[in-house]
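Reader: I would like to learn how to read a structure of this kind feature by feature. Could you take me through one, giving the general idea before each case?

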Amino acid sequence: MTTAARVLALLAERGETLAVAESLTGGLVAAELTAVPGASKSFRGSVTAYATTLKRDVLGVDATLLEERGAVDPEVAQQMAAGVREVLGASWGIATTGVAGPEPQDGQPVGTVFVAVAGPDGSGKVAALGLNGGRVEIRRESVRSVLKLLSGELHENARTQDTEQNGGT
């Protein structure tokens, strides 16, 4: 079973939903998720915010942050994940932003990628990646990485809920 299939099954089991914000991956995360039969039980949709202005205007990323640091930044990734979660009305949001090449962007070298998860309780996590390879490999690895990050957060969230329900023990 793929990571996409595992996270969608877990979300469906819990009655939760997922939304995706993508930049460098250009829809590949959404494609990976929708390739799973029954994805519509949990997958709400995605926003491919390739242009920096869309990150600001659609996903609600702070304009000053974008001006000062550019779109390839861990806080931008976190705000994208939180923004898509809110805009699409999902339990969970995930996001990708980075430089797939061929040229550096916002002062960041090719292979610099940030993936993020925003959870239903307002929690979030960002992973910084330094990827090697060409554009295709960087984009593919970004998809794998954001789904792996989400999987870890879903399992961590489940453990926290179990502990709370069992009196903190």
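**Reading the model step by step**

Author: Let us begin with exposure, bearing in mind that this is a predicted model. Pro 74 counts as partly exposed because its relative accessibility is 32%, and partly exposed covers the range between under 20%, which is buried, and over 50%, which is exposed. Pro 74 sits in helix α5 and, once residues up to four places away in sequence are set aside, touches Phe 114 and Val 126.

Reader: How far apart in space are Pro 74 and Arg 6, C-alpha to C-alpha?

Author: Their C-alpha atoms are 26 Å apart, with the two positions 68 residues apart in sequence numbering. For another pair, Gly 89 and Gly 45 are 44 residues apart along the chain, and their C-alpha atoms are separated by 9.6 Å. Gly 89 belongs to the loop between α5 and β3, where it touches Thr 17, Arg 44 and Val 84, not counting residues up to four places away in sequence.

Reader: Is Asp 73 buried or exposed?

Author: Asp 73 is buried, because its relative accessible area is 7% and the cut-off for buried is under 20%. Asp 73 lies in the loop between α4 (63-69) and α5 (74-87), and its side chain reaches the backbone nitrogen of Glu 75 at 2.9 Å. Leaving aside neighbours within four places in sequence, Asp 73 is in contact with Leu 65, Thr 97 and Phe 114.

Reader: How should I read the two faces of a strand, and which residues of β3 point one way and which the other?

Author: The general idea is that in a regular strand the side chains alternate between the two faces of the sheet. In β3, Trp 92, Ile 94, Thr 96 and Gly 98 point one way, while Gly 93, Ala 95 and Thr 97 point the other way, and all are buried. Strand β3, residues 92-98, is accordingly described as mostly covered, with seven of its seven residues buried.

Reader: Which strands pair with β3, and in what sense?

Author: Strand β1 (residues 18-22) pairs with β3 in the parallel sense over five bridges, and Leu 18 has Trp 92 as its bridge partner in β3. Strand β4 (residues 112-118) pairs with β3 in the antiparallel sense over six bridges, with Ala 95 standing opposite Ala 116 in β4.

Reader: How many bridges join β4 to β5, and how many residues lie between the two strands of their hairpin?

Author: Seven bridges join β4 to strand β5 (residues 124-130), and the two run antiparallel; Thr 112, for instance, has Gly 130 as its bridge partner in β5. The hairpin that β4 and β5 form has five residues between the strands, and Gly 122 in the turn has a positive phi of about 85 degrees.

Reader: What should I look for in the backbone angles of the loop between β3 and β4?

Author: As a general guide, most residues other than glycine have a negative phi, and most peptide bonds are trans. Here a cis peptide bond joins Gly 101 and Pro 102, with omega about 15 degrees, and Pro 102 lies in the loop between β3 and β4. Asp 106 is placed in the loop between β3 and β4 as well, and its phi is near 50 degrees, a positive value in a residue other than glycine. Asp 106 counts as partly exposed because its relative accessible area is 38%.

Reader: Turning to the helices, where does Ser 142 lie, and what does it touch?

Author: Ser 142 lies in helix α6 and counts as buried because its relative accessibility is 0%. Not counting residues up to four places away in sequence, Ser 142 touches Leu 24, Thr 25, Thr 96, Val 113, Val 115 and Leu 131.

Reader: Finally, which helix gives the most to the lining of the largest pocket?

Author: Helix α6 gives the most, with six residues, and α1 (3-14), α2 (28-34) and α6 (135-165) each supply at least two. The largest pocket has a volume of about 220 Å³, and its lining residues include Thr 2, Glu 32, Arg 139, Arg 140 and Leu 147. By class, the lining has five nonpolar, two polar and four charged residues.

Methods. Residues numbered from 1 in each chain as written. Predicted model: local features only at pLDDT ≥ 70, side-chain atom pairs only at ≥ 80, totals over all residues. Heavy atoms only, no water. 1 Å grid on protein atoms, 1.4 Å probe; cavity = no way out; pocket = protein on both sides within 12 Å on 5 of 7 lines; lining within 4 Å. Points joined across faces, edges and corners; volume = space filled by probe spheres on them. Helix = DSSP H or I, 4+ residues; strand = E, 2+ residues; numbered from the N terminus. Nonpolar A, V, L, I, M, F, W, Y, C, P; charged D, E, K, R; others polar. Buried < 20%, exposed > 50% of the residue type's maximum accessible area, 1.4 Å probe, protein only. Polar contact = N/O pair within 3.5 Å; in protein donor to acceptor, adjacent residues only side chain to side chain. Contact = heavy atoms within 4.5 Å. Pairing = 2+ DSSP bridges.
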